[in-house]
Amino acid sequence: MIPIYDQKSRVKILVAVGALLIGAATVVYTNILVRQVAQREQEQIELYAKAQRYIVNSEEESGLIFVQEQIINVNKTIPIIFTNESGVIGGARNVDIPRHLAPADSVARLRHELALMKERHPPIVVEYAAGARDYIYYNDSHLLAQLRTYPLVQLGVISSLAVMAYFAFSYSKRSEQNRVWVGLAKETAHQLGTPLSSLVGWQSYLRESERFAGEPIVEELGKDIKRLEIITERFSNIGSVPVLNDENLLQVTRNAIAYLESRVSKKVKFSIETDLPLDTPARVNVPLFDWVVENICKNAVDAMEGRGAITLHLRRVRVRRSWYRRAAPGRQVAVDITDTGKGIPKNKLESVFLPGFTTKRRGWGLGLALAKRIIENYHEGKLFVKWSELGRGTTFRIVLNQ
């Protein structure tokens, strides 16, 4: 695989690990703060209980006023409910009870809040001089409740930023790939143009020359020139937005195979099967579609080591389309290309379309990557490995719109 893609994969992993570490550090630190605030609120309620006991037992009026103002009344955030030994509610502070509720509903609401407080914290016992005792139940303040949920909110924010960064990075990579493909295609078409024009001139000269009259080499040269023109047109189409037309799918497929059939080993047998009406159309750009079929079949010939069978099966398929696709569901056709080669290992199925992936000693690993780009980016179709088994062969499926 090309090193740049390995590097980008490592960057993605580093970004994900960094986000996880930030999230974990946030959770740990916030939990420390939560424990500290919770401990402080518990101490405040214990002090509140001591103040309550002091008010009941003390006879000093000045001290009572100080305790009432500086300790009892200062609590305006922590919800508390007083009960006696029998569990009867004697009072409450900072408990959110709507004023419009009826007395019975208010009592029910207090009992509900009391049940929640019992689940959250053990009660603070207030023992009086006469031996009686009351209980103070309390819940977390609004600040502490917000602090508890803060890590979840921050994790959500970090996750959102990580997802945005991932998509931005992926979009940047695709844009970079697009620029590389388009630049390479335009440059290739440009480089082919000059020698191609020269070859056309030489062929005209040879045809007009009496010395080469009737020589088959002149016509063979013409075939090679025609082939170079097709290749140049392909690269020109890659470098711009190709025009799609309604073409007879069976005829286009036959033409693509006919060229290959005469140029590969005679021990490779080509056949075309169809479940479609003979005049079934598909929206394709013929030069680019031919290129896709050629790339897939050439890989198949290599996988069979020059001996075997390649079958192309045309059929109708139903594929769920994304909202941005122009074609409606049920209006797709498929070309299945099956070979009797070595097959593809399961752990390589996702890699065969990556630029740079190749099992050949000599090869750039761009054929299938280019084929997938042509079908999915330019034809808005789909190209994938439908089936593969080691020692038996592989089926590539091309899905096209109608």
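Before I come to the first helix, one definition: when I say that two parts are in contact, I mean that they have heavy atoms within 4.5 Å of each other. Please also keep in mind that what you see above is a predicted model.

With that in hand, look at helix H6, residues 249–261, which lies across strands E6, E8, E9 and E11, the last of these being residues 393–401. The direction of H6 makes an angle of about 180 degrees with that of E6. A second helix, H7, covering residues 286–303, also packs on the sheet, where it touches E6, E8, E9, E10 and E11, and its direction makes about 175 degrees with that of E11.

What is the order of the strands in this sheet? Reading across, it is E6-E8-E9-E11-E10, five strands that form an open sheet with mixed pairing. At the edges we find E6, residues 268–274, and E10, residues 382–389, each of which pairs on one side only. If we ignore direction, neighbouring strands here are turned by 15 degrees against each other on average.

Let me take one pair from the sheet, namely E8, residues 308–317, and E9, residues 332–339, which run antiparallel and are joined by eight bridges. If you would like to find a bridge in the structure for yourself, start at Arg316, whose partner in E9 is Val333.

Now to the loop between H6 and E6, where Ser265 is located. Is Ser265 buried or partly exposed? Its relative accessible area is 31%, and because buried would require a value under 20%, while exposed would require one over 50%, Ser265 counts as partly exposed. Although Ser265 and Arg307 are separated by 42 residues in sequence, their C-alpha atoms are 7.4 Å apart in space.

Elsewhere in the chain, helix H4, which covers residues 142–208, contains Val157. This residue helps to make a nonpolar surface patch of about 390 Å², together with Val153, Leu161 and Met164. Val157 has a relative accessible area of 43%, and so it is partly exposed.

Finally, let us step back to the whole protein chain, whose secondary structure comes to eight helices and eleven strands. Of its 402 residues, 36% count as buried, and the chain exposes about 24700 Å², of which carbon and sulfur atoms supply 56%. If we consider contacts between residues at least 6 apart in sequence, 68% of them join residues at least 24 apart.

How values were computed. Residues numbered from 1 in each chain as written. Predicted model: local features only at pLDDT ≥ 70, side-chain atom pairs only at ≥ 80, totals over all residues. Heavy atoms only, no water. Pairing = 2+ DSSP bridges. Helix = DSSP H or I, 4+ residues; strand = E, 2+ residues; numbered from the N terminus. Axes fitted to C-alpha atoms, helices over the stretch in contact; angles between N-to-C directions. Buried < 20%, exposed > 50% of the residue type's maximum accessible area, 1.4 Å probe, protein only. Areas by Shrake-Rupley, 256 points an atom, 1.4 Å probe, with all protein chains shown as cover. Patch = residues over 30% accessible without salt bridge, like charges linked within 9 Å, V, L, I, M, F, W, Y side chains within 5 Å. Salt bridge = Lys/Arg side-chain N within 4 Å of Asp/Glu carboxyl O.
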